[in-house]
Amino acid sequence: MNQKFSSNLTCSQLEISNTNRRLWIEHIMWTRMLMISTAFSLPDLSFVTKRLLQNPVDFAKEFEPFYGKQIAMQLKQLFTDHLLIAAQLVNAAKEKNTAEVEKQRKIWVKNAEKIATFLASINPYWSECIWRKLLFSHLRMTEDEAVFILTGQYEKGIKEYDAVQAEALEMADVMTCGIVRQFCIK
């Protein structure tokens with residue numbers, strides 16, 4: 001699954017890579033901030049939520065030059081749903097509502113399946129199987145991170161965030177390699 005570039009990246013390829021890596025890091029960083037703000041009922045929750053929901057907009061802007069407005073908007077909606085479901089899951093876990101946690105987890109998995117299918121459908125170099133594996137792992141690790149924060153296991157939460165971050169960079173690299181290959185970016 002590790003996507004490798006040659007050591008001779010062009011400026012265009014490097015720009016795409018940097019943008020995808022930034023977007024995925026922002027995705028997980030603002031998700032973590034949402035978890036913390038939710039867990040501790042911080043007064044910045046609405047601002048953090050607003051910033052987190054900017055991430056799908058930013059992904060859509062990155063996708064539009066390659067895939068057009070319609071596909072970019074589909075991605076934006078899938079990623080927005082992903083984040084809103086995650087917020088519902090964290091809120092349910094905070095309230096110790098196990099039935100709602102289970103419900104949101106199932107919805108989250110279905111959303112991840114839709115994202116994997118969607119990505120594979122728009123780029124022949126993106127495997128649905130690989131995206132499913134990455135996204136399902138992302139969901140599991142993100143939920144674990146939230147549980148650690150909500151239960152005061154902060155050191156474990158930080159270690160889990162490190163793992164989430166490493167995987168986010170892997171997702172960014174998979175995304176970049178597919179775009180570079182599909183569009184023969186030199």
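In the predicted model, K96 is located in the loop that connects α4 (69–94) with α5. Its relative accessibility is 70%, so K96 is classed as exposed. K96 and K50 are 46 residues apart along the chain, and their C-alpha atoms are separated by 25 Å.

The loop at the other end of α5 was examined next. N123 is found between α5 (98–122) and α6 (128–150), again in a loop. Unlike an exposed position, N123 is buried, because its relative accessibility is 1% and the cut-off for burial is under 20%. The side chain of N123 takes part in a polar contact of 2.9 Å with the side chain of Y67. A polar contact of 2.7 Å links the side chain of N123 to that of Q182. With residues up to four places away in sequence left out, N123 touches Y67, G178, I179 and Q182. Y67 and Q182 thus appear among the residues touched by N123, and their side chains are also its partners in the polar contacts of 2.9 Å and 2.7 Å, respectively.

The cysteines were considered with respect to disulfide formation. The count of disulfides is zero. For C11, the closest cysteine sulfur belongs to C177 and lies 17 Å away, which is too far for a bond; the criterion requires the two sulfur atoms to be within 2.5 Å. C129 is likewise in no disulfide, the nearest cysteine sulfur being that of C177 at 17 Å. C11 has a relative accessible area of 71% and is therefore exposed. C129 is also exposed, with a relative accessible area of 57%, since the class begins at values over 50%.

A nonpolar patch is present on the surface. F40, L42 and Y154 make up this patch, which has an area of about 280 Å². Of its members, F40 is situated in the loop between α1 (11–39) and α2 (45–52). The relative accessibility of F40 is 41%, so this residue counts as partly exposed. That value fits the patch criterion, because patches are made of residues with over 30% relative accessible area.

The loop residues described here therefore fall into separate accessibility classes: N123 is buried at 1%, F40 is partly exposed at 41%, and K96 is exposed at 70%.

Methods. Residues are numbered from 1 along each chain as its sequence is written. This is a predicted model: local features need pLDDT of at least 70, side-chain atom pairs count only at pLDDT 80 or more; totals for chains, interfaces and linings use all residues. Side-chain values use heavy atoms; hydrogens and water are left out. Helices (H or I, at least four residues) and strands (E, at least two) are DSSP runs, numbered from the N terminus. Buried means under 20% relative accessible area, exposed over 50%, partly exposed in between (1.4 Å probe, protein chains only). A polar contact is a pair of N or O atoms within 3.5 Å; within protein, one must be able to donate a hydrogen and the other to accept it, and residues adjacent in sequence count only if both atoms are side-chain atoms. Contact means heavy atoms within 4.5 Å. Patches are made of residues with over 30% relative accessible area and no salt bridge: like charges are joined within 9 Å, nonpolar side chains (Val, Leu, Ile, Met, Phe, Trp, Tyr) within 5 Å. Accessible areas come from the Shrake-Rupley method with a 1.4 Å probe; for residues, only the protein chains shown count as cover. A salt bridge is a side-chain nitrogen of Lys or Arg within 4 Å of a carboxyl oxygen of Asp or Glu.
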